[in-house]
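Let's take a walk through this structure together, one region after another. Have the sequence and the 3D view ready as you read.

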Amino acid sequence: MTVSRREWLRTALQGIGVGMVVGPGFPSIVTAQGNEARQGTGPLTVRVSRPFDAETPVREFASWLTPNERFFVRSHFGPPPADSVKPDAWRLTVKGLVKEELTLNLKDLQQLEAVTLTAVLQCSGNGRAHHRPKVPGVQWERGAVGNAQWTGVRLRDVLQRAGVKPQGAHVQFQGADRPALATVPLFTRSIPLAKALHSDTLLAYEMNGRPLPLLHGAPLRVITPGWMAESCTKWLTEITVRADETPGYYMQQAYRIPETAVRLSSGLPGSAMVPVEQMPVKSLIAAPAEGDTVRIGPVTVQGVAWAGEAPVVKVEVSCDDGKTWEQARLLGEGQPYAWRQWQFVWSARTPGPTAILCRAIDAQGEQQPATSPWNPGGFLWNGWDRLSVTVAA
Amino acid sequence: MERMGSPVCHSGGMTLKTAKKTSGFVLAALLCPLLGWVVITAAQDDDRGTIQPAQARQALTLIHARCAVCHTTDLIVQQRLPADRWTVTVEKMMHWGADLSKDEAAVVLQFVTARYHSGAPDHLPSIEEELAMIAPAAGPRPGFEGPVTGVASRGAGLYAHNCQACHGEGAAGGAGPKLARNTILKNEGAFWETVLHGRGPMPAWSAVLSHQEIADIHAWLATR
């Protein structure tokens, strides 16, 4: 049992820093994991132990790429058994409204042209804990997001091999993960054909130059750059071309937002609900950290900013709790879909407590709002980031 | 989920609301020293006053045994929801197969609505911590004396009901390890320790399964 549990944990937690935030009821996960997994990894903040949902501490976002071991993890049912997604056992089928059904293994796929791009992956519920009134769901705070380099093949190239019939308008994804009870709906999602045929929409088999870890969708996941992560199905096994949007809970009820903003506390929205797609413009402060004490003098404030399909053009920082704002310096060169690091040197002069805020603007003129419009799923939070610090004399 | 047959949330028959202050004090007196809570807000006192200890125990046990089939209970404890959203949530879980009778669902709903409401404090003890505090009085068969003999034929159903969600059909493994022909079956000390007190992500089952039931499951697993 000891051996098998360790093996299981090693597999289940592959790619995870296991300095978990655990209550007294779960002390042994760290010891069971042993030292090896903890070496060289930072802790994740565990929101749910099973299925394993954990977010990245924002201090990790001082790095442009988020390491696999520290990348947030989210799924509805946890990963499928590792054996079922080993490359020799795993197959991808392409079916539905196609001229020729395909069954592909990983080597078949890798015959197609390889594409590498860097893109932000973000859970739609990132920041849900900030919505008021509170909404049900995993209470993500700031770190259900990360920036990684994805390598794979274009979904378009796979669909072209199968040949999409003229009636095909949506592309459905099914992963190998299954709920504990057969009565729970499968996590089945679809994206419109236009997004599926976009040259940057990938079926990725590598993350940051390494084979996809099990927790991140091994051996193959969808990457829809600029769109929220629920479109980025992990452990992909089936692609089905359809005439309509996928029916079922996870497409028709979950991950939908009101087409127009709803009034706070108004209960159910009065407008049509549409699927969550693009990421709204957003920025985060990676340093200093919440509660830090800083010295009078120059203080480097740094963080990241991103938007959906448009680049970030400006980040502003306030170090007096929103009274005045100054422009931060954007670092490096902008890359589509990746986040942009930014930096601001604050001359801290007044001892005492204060708050540092940041907000970003994208090329379409969209501004990060002070607080996001409330919606019943608690999705797409992109309010100004804010942290409290104290200036020491 | 909108087409649920009949709502599970009617609390008309519940005695929770009629609980006397004294029972709240009894539970508070039990909980406070154990948790080391120095300050308890009036709101918390009121909350606890609406749940009798016996029903809190029943709700905690149900949450631990039935909700945790699909997700750990940390997901529940982090919610802060008004009653109507809790009602919808419990209905959704019932619709998805949560193994709760209507009466049991009502007990769970009453508990989560009282404990994890919109104004509740940010940090509350876990279900397992609460259960551990009340478990001594709640063990289903506290009079356990000496070894019991497991009956494999009974163990099959108990396994399917309590263990299969994680350990797989036929004990072939799933989210949890494969148990068929697992060496732990030969190490009864480790087996009982794990089942009774939990280990890693596996919850403790001492408040849910009797010793006889655990022995039955062990006997059935030994045949796999």
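A good place to begin is Thr56(A), which sits in the loop between β2 (53-55) and β3 (92-96) of chain A. Keep in mind throughout that this is a predicted model. With a relative accessible area of 2%, Thr56(A) is buried, because the cut-off for that term is under 20%. Setting aside neighbours within four places in sequence, you will find Thr56(A) in contact with Leu44(A), Phe61(A), Thr66(A), Arg70(A), Phe71(A), Phe72(A), Gly143(A) and Val145(A). Try also the step from Thr56(A) to Gly146(A): the two are 90 residues apart in sequence, while their C-alpha atoms are 7.9 Å apart in space.

From here, turn to the nonpolar interior. The largest nonpolar core has 31 residues, and Leu92(A), Leu109(A), Leu203(A) and Ile239(A) touch the most other members. Several elements of chain A each supply at least two residues of this core: β3, β4 (102-104), α3 (106-109), α4 (155-162), β7 (170-175), α5, β9 (202-207) and β12 (236-242). Of these, α4(A) gives the most, with 4 residues. To see the surroundings of one member, select Leu203(A): beyond its neighbours within four places in sequence, its contacts are Leu92(A), Gly152(A), Val153(A), Leu155(A), Val158(A), Leu220(A), Arg221(A), Val222(A), Leu236(A) and Ile239(A). There is also a second, separate core of 29 residues, which includes Ile51(B), Leu81(B), Val90(B) and Ile127(B).

Charged pairs come next. Side chains of opposite charge can pair when their charged atoms come close. Over all chains, the count of salt bridges comes to 18. One of them joins the side chains of Glu309(A) and Lys195(A), at 2.9 Å from N to O. Glu309(A) lies in the loop between β17 (297-306) and β18 (312-318) of chain A, and Lys195(A) in helix α5 (residues 193-196) of chain A, so this pair ties together parts that are 114 residues apart in sequence. The partners are not equally accessible: Glu309(A) counts as partly exposed at 41%, whereas Lys195(A) is buried at 7%.

Staying in chain A, look at Arg242(A) and Asp244(A), which form a salt bridge whose closest N and O atoms are 2.9 Å apart. Arg242(A), at 19% relative accessibility, counts as buried, and Asp244(A), at 40%, as partly exposed. Chain A also holds a network of salt bridges that links Arg47(A), Glu55(A) and Glu141(A).

In chain B, the side chains of Arg154(B) and Asp216(B) meet in a salt bridge of 2.7 Å, N to O. This pair links distant parts of the chain, with Arg154(B) in helix α8 (residues 152-162) and Asp216(B) in helix α11 (residues 211-222), 62 residues apart. Arg154(B) is partly exposed at 42% relative accessibility, while Asp216(B) is buried, with a relative accessible area of 2%.

Finally, how confident is the predictor about chain B? The chain averages a pLDDT of 77, and 71% of the residues score at least 70. Among its elements, helix α4 (residues 74-77) of chain B has the highest mean pLDDT (97) and helix α1 (residues 21-35) of chain B the lowest (43). Over residues 1-49 of chain B the pLDDT is below 50, and the model gives this stretch 69 contacts beyond near neighbours in sequence. Residues 137-144 of chain B also stay under 50, with 10 contacts beyond four places in sequence.

Methods:
Residues are numbered from 1 along each chain as its sequence is written. Chains are lettered from A and ligands numbered from 1 in the order in which they are written. This is a predicted model: local features need pLDDT of at least 70, side-chain atom pairs count only at pLDDT 80 or more; totals for chains, interfaces and linings use all residues. Side-chain values use heavy atoms; hydrogens and water are left out. Buried means under 20% relative accessible area, exposed over 50%, partly exposed in between (1.4 Å probe, protein chains only). Contact means heavy atoms within 4.5 Å. pLDDT is the predictor's confidence in each residue, from 0 to 100. A salt bridge is a side-chain nitrogen of Lys or Arg within 4 Å of a carboxyl oxygen of Asp or Glu. A nonpolar core is a set of buried Ala, Val, Leu, Ile, Met, Phe, Trp, Tyr and Cys residues joined through side-chain atoms within 4.5 Å.
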